[in-house]
Amino acid sequence: MSTPNSATAAWLTQEAFDRLKAELDHLSGPGRAEIVQKIEAARQEGDLKENGGYHAAKEEQGKIEARIRQLTALLRDAHVGESPADDGIVEAGMIVVAKIAGDEETFLLGSREIAGDSDLNVFSEKSPLGAAIVGHKEGDKLSYTAPNGKVIAVEIISAKPYVG
């Protein structure tokens, strides 16, 4: 069980934490070994300047290493725990229904990693919208300034804990 150690800590369900840990374990173990084999096999094909397989494998290696760094930081700083209280107060880990600029939207407030493969929209609690609504409750009306400078009206309709 991890606890937040900085303002950058993301809230994760235990299921999301376990899924991401398994992905990290695979990428940093068998995933790295597979890409090293691909690079070595491509290297055996000869001239590296014109070797598409080699360049593709090196690019894949870069993506894997970036994902390993991302997962390592996310899991290191994550706050893993139960869903937030079902008290209608907006916080990370909640499904929020809000009227935003007149349109009703449903989204998860938190990390994209919590939603996994679902098609649920996700807003970080650190985004302009997320930062504006955290701590507000059902029925609250507020506004926030979008990155383009436009002031956007928001009404919180409901906030319920996310159940993965």
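Helices (H or I, at least four residues) and strands (E, at least two) are DSSP runs, numbered from the N terminus. With that in hand, the protein chain reads β-α-α-β-β-β-α-β-α-β-β along the sequence, which comes to 4 helices and 7 strands.

A quick note on what you're looking at: this is a predicted model, where local features need pLDDT of at least 70, side-chain atom pairs count only at pLDDT 80 or more, and totals for chains, interfaces and linings use all residues. Residues are numbered from 1 along each chain as its sequence is written, and side-chain values use heavy atoms, with hydrogens and water left out.

**Overall shape**

The C-alpha trace of the protein chain spans about 65 × 40 × 25 Å along its principal axes. Its radius of gyration (taken over C-alpha atoms) is 21 Å, well over the 15 Å that the globule rule gives for 164 residues, so the chain is more spread out than a compact globule. That rule is 2.2 Å times the number of residues to the power 0.38.

Contact means heavy atoms within 4.5 Å. Counting contacts with a separation of 6 or more, 55% are between residues 24 or more positions apart.

**Inside the chain**

Buried means under 20% relative accessible area, exposed over 50%, and partly exposed in between (1.4 Å probe, protein chains only). Buried residues make up 40% of the 164 in the protein chain.

A nonpolar core is a set of buried Ala, Val, Leu, Ile, Met, Phe, Trp, Tyr and Cys residues joined through side-chain atoms within 4.5 Å. The largest one has 26 residues, and Leu12, Leu20, Leu75, Leu108, Ile114 and Tyr162 touch the most other members. β1 (11-12), α1 (14-43) and α2 (52-77) each supply at least two residues of this core, with α1 giving the largest share, 8 residues. There's also a second, separate core of 17 residues, including Ile100, Leu109, Leu142 and Ile152.

**Two residues side by side**

Here are two residues to find in the structure; their contacts leave out neighbours up to four places away in sequence.

| Residue | Element | Relative accessibility | Contacts |
|---|---|---|---|
| Ser158 | strand β7 (residues 151-161) | 17%, buried | Ile95, Val96, Val97 and Glu138 |
| Glu60 | helix α2 | 31%, partly exposed | Ile35 and Lys38 |

How far apart are the C-alpha atoms of Glu60 and Gly149? They are separated by 38 Å, and the two residues are 89 apart along the chain.
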